[in-house]
Amino acid sequence: MNIAIPNYQILNFETESLVISDAGISKVHSRPILKALRQIQMSPALTKDELDEILADNGLNAASAFEFLEKIIPLTAAKELYFEKTIVVHSWEGTAGIEDLFRQELSGVVEFKDFSSDIVSSVAGFRCFVVLLCHSYDYEGLKEIHFDLAKKSPASAISVCWPMGGFFCIGQPYISEVGNPCHFCTVDRLIHNESVKRVKNNWASALAFCKNEHVDLPFKKLSLYQELVVIGAIIRNVKFFTENGVLRKYHDDVLCSSYVQLSDGRIFQESSSHWYICDCLEVRK
């Protein structure tokens, strides 16, 4: 059994220490218990065997010490993670070593693919969080991969991250089984609006042109600072959806896209809605 370790604080005084948690404030005099609490505090979750080992290593009776800990900190069974692994598909051409950054920051299983590899077979039989991280923007190639993944693994989430003029967009995780709006609900609506009436969106105009000409939409090189801000925001988004105990989650979180403003690093969020003729509505049928 995995045990979730809650947040708690230890305040040390000359004659005693206080442990402050959601269970309240408790006085603790035992040095072995305090030492064990400091070790336990370093992990977000432990198995029962690992916890017993820490208690025993500090000269404590594991059973009675565990019973005492349950009274002063609210130990609970860790919830099973929904996503079994994260797959990052990228064509990143920047300076930052993004694969090392993802490995360092994410605690679960992480795999890396490029857009030319067999991505669809990687999700077969798994519930995956798939990040499609674009540097240039290949509308047709991206759309084919996106909906092939959705059909092959409808329980997986697909988050498209792409450059958009002065912003870098971190798309909402589209889960075919859930039926929330997908990346192309946003993009195809922009293209349609551009075809009906010229709008003040240079990126939409360039995208519509490149789509009609069947060429990739280019993107200027980011500075190292901008790369780190963008990759950091993407990692934070992945952690939010794939790890326990990060922040409280709500049902409508899967509707929100984030936009990183490249000029100053500020992040904005915007809710997505279905585009009534988007292919994602056909995938569910």
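This tour goes through a predicted model, one selection at a time.

**Helix H2**

Begin by selecting helix H2, residues 48-57, and show its side chains; the buried residues here are Leu51, Asp52, Ile54 and Leu55. If you turn the view until you look down the axis of H2, these buried residues fall within an arc of 160°, so they line one face of the helix. A general point helps with this view: an α-helix has 3.6 residues a turn, so residues three or four places apart point the same way. On the other side of H2 you will find Asp49 and Asp57, both of them exposed.

Next, add what covers the buried residues of H2, which includes strand S1 (2-4), helix H1 (31-40), strand S5 (45-47) and helix H3 (62-72). Before leaving this part of the chain, select Gly59, which follows H2 and has a positive phi, near 75°.

**Where H1 passes H2**

Now keep H1 and H2 on screen together, and follow their axes, which come within 9 Å and cross at roughly 145°; the crossing of H1 past H2 is right-handed. To see which side chains make this meeting, select Ala36, Gln39 and Ile40 in H1 along with Leu51, Ile54 and Leu55 in H2. Leu51, Ile54 and Leu55 are also among the buried residues of H2.

**Helix H3**

Move on to H3, and start with Asn61, which caps the N-terminal end of this helix, a side-chain oxygen lying 3.2 Å from the backbone nitrogen of Ala63. Within H3, the residues to select are Ala65, Phe66, Leu69 and Ile72, which are buried. Seen down the axis of H3, these buried residues fall within an arc of 125°, so they line one face of the helix. The face turned away from that buried side carries Ala63 and Lys71, which are exposed. Which elements do the buried residues of H3 pack against? Showing the surroundings brings up S1, strand S3 (17-21), strand S4 (24-28), H1 and H2.

**Ser107, in a loop**

For an exposed site, select Ser107, which lies in the loop between helix H4 (98-105) and strand S8 (110-113). Ser107 is exposed, with a relative accessible area of 63%. A distance drawn from its C-alpha atom to that of Val89, 18 residues apart along the chain, comes to 18 Å.

**Ser159, in a strand**

Another serine, Ser159, is found in strand S10, residues 157-164, and is buried, with a relative accessible area of 1%. Its side chain reaches the backbone oxygen of Gly171 at 2.7 Å, and that contact is a good one to draw as a dashed line. If neighbours within four places in sequence are left aside, the residues in contact with Ser159 are Phe129, Val130, Val131, Leu132, Ile170, Gly171, Gln172, Pro173 and Asn237.

**The cysteines**

Finally, select the cysteines and display their sulfur atoms. How many disulfides are there? The count comes to zero, with a disulfide taken as a pair of cysteine sulfur atoms within 2.5 Å. Cys182 is in no disulfide, and the nearest cysteine sulfur, that of Cys278, is 3.5 Å away; Cys182 is buried, with a relative accessible area of 0%. Cys256 is likewise in no disulfide, the nearest cysteine sulfur being that of Cys169, 11 Å away. At 21% relative accessibility, Cys256 counts as partly exposed.

Note on methods
Residues are numbered from 1 along each chain as its sequence is written. This is a predicted model: local features need pLDDT of at least 70, side-chain atom pairs count only at pLDDT 80 or more; totals for chains, interfaces and linings use all residues. Side-chain values use heavy atoms; hydrogens and water are left out. Buried means under 20% relative accessible area, exposed over 50%, partly exposed in between (1.4 Å probe, protein chains only). Helices (H or I, at least four residues) and strands (E, at least two) are DSSP runs, numbered from the N terminus. The arc is that of the directions from the helix axis to the C-beta atoms. Contact means heavy atoms within 4.5 Å. A polar contact is a pair of N or O atoms within 3.5 Å; within protein, one must be able to donate a hydrogen and the other to accept it, and residues adjacent in sequence count only if both atoms are side-chain atoms. Axes are lines fitted to C-alpha atoms, for helices over the stretch in contact, and angles run from 0 to 180 degrees between N-to-C directions. A crossing is left-handed if the near helix is turned anticlockwise from the far one by less than a right angle, and right-handed if clockwise.
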